[in-house]
Amino acid sequence: MEEIKTEAPDKVFSCQLCSLSSPFTYFGQKPPNTRAIVLLEECFLTKDPFCPDKEKFLILGSNCSMCGVRVCVGADCSLFYTQRFCIECVRKHLDQFPQQIRAELAKKGSKTGVS
């Protein structure tokens, strides 16, 4: 009888808007090897490749709190305002964001497509 090997899928974060793709080492709000850090959202994290310190990490992205799409933290893909929102949900619900956020997005309008 042939033995079947089951391997865990590769832990790779991929933004569903810009296709940024990178291996991640942790998903959650309390990164391992950190003392008292608790993030405001569940994020995909990776070790900082430019720093030998185990406590240093990079946030790759998260899931949109409205539609669930996986997005990177890039300004063209998402916005964090109390929660993570993909740029598509921001466009659809722009009137529900505070005036200050709308003004900031209007300044960047040409980049994000938000007007």
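This is a friendly exchange about how the labels on this predicted model were reached.

Reader: What makes a feature or a residue number count here?

Author: Because the model is predicted, local features need pLDDT of at least 70 and side-chain atom pairs count only at pLDDT 80 or more, while totals for chains, interfaces and linings use all residues. Residues are numbered from 1 along each chain as its sequence is written, and side-chain values use heavy atoms, with hydrogens and water left out.

Reader: How do you know how many helices and strands the protein has?

Author: They are DSSP runs, numbered from the N terminus: helices are H or I with at least four residues, strands are E with at least two. That gives three helices and eight strands, in the order β-β-β-β-β-β-β-β-α-α-α from the N terminus on. Helix 3, for instance, covers residues 109–112 and contains Gly 109.

Reader: Why is Gly 109 called buried?

Author: Buried means under 20% relative accessible area, exposed over 50%, and partly exposed in between (1.4 Å probe, protein chains only). Gly 109 has 14% relative accessibility, so it counts as buried. Its C-alpha atom is 9.9 Å from that of Asp 76, 33 residues apart along the chain. Of the 115 residues of the protein, 31% count as buried.

Reader: What makes four of the strands a sheet?

Author: Two strands pair if DSSP finds at least two bridges between them. Strand 3 and strand 4 are joined by three bridges and run antiparallel; one of the pairs is Phe 27 with Phe 44 in strand 4. Four strands form the open sheet, in the order 3-4-5-6, with antiparallel pairing.

Reader: Why are strand 3 and strand 6 called edges?

Author: Strand 3 and strand 6 (70–72) each have a single partner strand, so one side of each has no neighbour in the sheet. Neighbouring strands of this sheet are turned by 30° against each other on average, direction ignored; the axes are lines fitted to C-alpha atoms, for helices over the stretch in contact, and angles run from 0 to 180 degrees between N-to-C directions.

Reader: What makes strand 7 and strand 8 a hairpin?

Author: Strand 7 (residues 78–81) and strand 8 (residues 83–86) run antiparallel and are joined by four bridges, with Tyr 81 partnered by Gln 83. One residue lies between the two strands, and Thr 82 in the turn has a positive phi of about 65°.

Reader: Why is the phi of Thr 82 worth pointing out?

Author: Most residues other than glycine have a negative phi. Thr 82 is not a glycine, yet its phi is positive. With a relative accessible area of 58%, Thr 82 is exposed. Ser 19 also has a positive phi, about 70°, without being a glycine. Ser 19 lies in the loop between strand 1 (12–14) and strand 2 (21–23), and at 54% it is exposed.

Reader: How do you know how many disulfides there are?

Author: A disulfide is a pair of cysteine sulfur atoms within 2.5 Å. The sulfur of Cys 18 has its closest cysteine sulfur in Cys 77, at 3.7 Å, which is too far for a bond. By this rule the count is zero. Cys 18 is partly exposed at 39%, whereas Cys 77 is buried at 5%.

Reader: What makes a group of residues a nonpolar core?

Author: A nonpolar core is a set of buried Ala, Val, Leu, Ile, Met, Phe, Trp, Tyr and Cys residues joined through side-chain atoms within 4.5 Å. The largest one has 11 residues, among them Phe 13, Phe 44, Leu 60, Cys 72 and Cys 77. A second, separate core of eight residues includes Leu 79, Phe 85, Val 90 and Phe 97.

Reader: Which residues does Cys 72 touch, and what is a contact?

Author: Contact means heavy atoms within 4.5 Å. Not counting residues up to four places away in sequence, Cys 72 touches several residues, including Phe 13, Cys 18, Leu 60, Cys 77 and Ser 78.

Reader: Why is Thr 34 called buried when it sits in a loop?

Author: Thr 34 is in the loop between strand 3 (26–28) and strand 4 (43–47), but the label rests on accessibility: at 12%, Thr 34 counts as buried. Leaving out residues up to four places away in sequence, Thr 34 touches Glu 55 and Phe 57.

Reader: What makes its link to Pro 31 a polar contact?

Author: A polar contact is a pair of N or O atoms within 3.5 Å; within protein, one must be able to donate a hydrogen and the other to accept it, and residues adjacent in sequence count only if both atoms are side-chain atoms. The side chain of Thr 34 reaches the backbone oxygen of Pro 31 at 2.6 Å.
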